[in-house]
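Morning, everyone. I have a few backbone details to go through, and I will put the sequence and the structure up now.

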Amino acid sequence: MSALVFLVGLIVGSFLNVCIHRLPLGENIAFPGSHCPKCGAAIRWYQNVPVLSWLALRGRCAACRAPIAWRYPIVELLSGIAALSAFAAYGPTLAFAIALAYAWMLLVLFFTDWDHHLLPDAITLTGFAAGMAIAAFNPFLAGEGSWGRIWTALLGAALGSGILWGIGAVWKRLRGVDAMGLGDVKMMAMVGAFTGPSGVLFTLFFGSIVGAIVGVARIPFRGGSLRDELPFGCFLAPSALVAMHGARRAIDAYLAFVGFGA
């Protein structure tokens, strides 16, 4: 069963690659079929086997020999690993389906932000709507009963989007420049709908720390500066994934450590 789950994850990863490439360009993710973005040659089914085709073609288009980005097999592998990990943790349950769908959306957001500095509405707003739609049954949300979980999701979405929107508004008023795009705001609304306020706080805290470390570290290596724009979604996405599975435990442990826990 685990092998089948991993295989399905690999296949879905191939579709996620289509989303990552086409959504930022405003293209249809269903039509036309898979083709080389350089020469337009159609990619046949045996050239589109996850990971293996990329290796067999040595990372190049079969028609024009243009390079195929390393991202393609990486996304497929990560998608398969996400499916296998969620199945190992939760088995064939609703929690498995929710955790995996959430992970796949974050995977798309990470790489669209990496490639284009863009977080597509098709993922962030759809993810927010999906998070709210299943909130009553979401085992990753705190709250007593269905209405308690719905309230937690609403509060999380409002907190996540509100914090980033507020920071951006204050920064623009003080400095006259945008601190971050609205894509980050919408992304945090999605994260809040799936994980609640504790997940939002965990995501923002660790995402900001990792982003700051990377931003400072890249200065001597890439000749950048603290004013350089960084794709914040790339730091939020992995933090948001961890938040779903461990935010409440981490926050409770911290509160207990500083003397506010039970």
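Which residue follows H4, and what is the sign of its phi? Keep in mind that this is a predicted model. The residue after H4 is His117, and its phi is positive, near 55°.

Let me place that. His117 sits in the loop between helix H4 (94-116) and helix H5 (121-133). His117 is not a glycine, yet its phi is about 55°. For background, most residues other than glycine have a negative phi, and most peptide bonds are trans. As for solvent, His117 counts as partly exposed because its relative accessibility is 37%, and partly exposed covers the range between under 20% and over 50%.

Now the helix before it. H4 has 23 residues, and at 1.5 Å a residue they should span 33 Å. The expected span takes one less than the number of residues. The end C-alpha atoms of H4 are 33 Å apart, so the two values agree.

Next, Arg65. Its phi is near 65°, again a positive value in a residue other than glycine. Arg65 belongs to the loop between H2 and helix H3 (71-90). Is Arg65 buried, partly exposed or exposed? Its relative accessibility is 40%, so Arg65 counts as partly exposed.

Last item, the peptide bonds. Which two residues are joined by a cis peptide bond? They are Phe31 and Pro32, with omega about -5°. Pro32 is found in the loop between helix H1 (2-22) and helix H2 (52-56).

That is my list.

Note on methods:
Residues numbered from 1 in each chain as written. Predicted model: local features only at pLDDT ≥ 70, side-chain atom pairs only at ≥ 80, totals over all residues. Heavy atoms only, no water. Helix = DSSP H or I, 4+ residues; strand = E, 2+ residues; numbered from the N terminus. Buried < 20%, exposed > 50% of the residue type's maximum accessible area, 1.4 Å probe, protein only.
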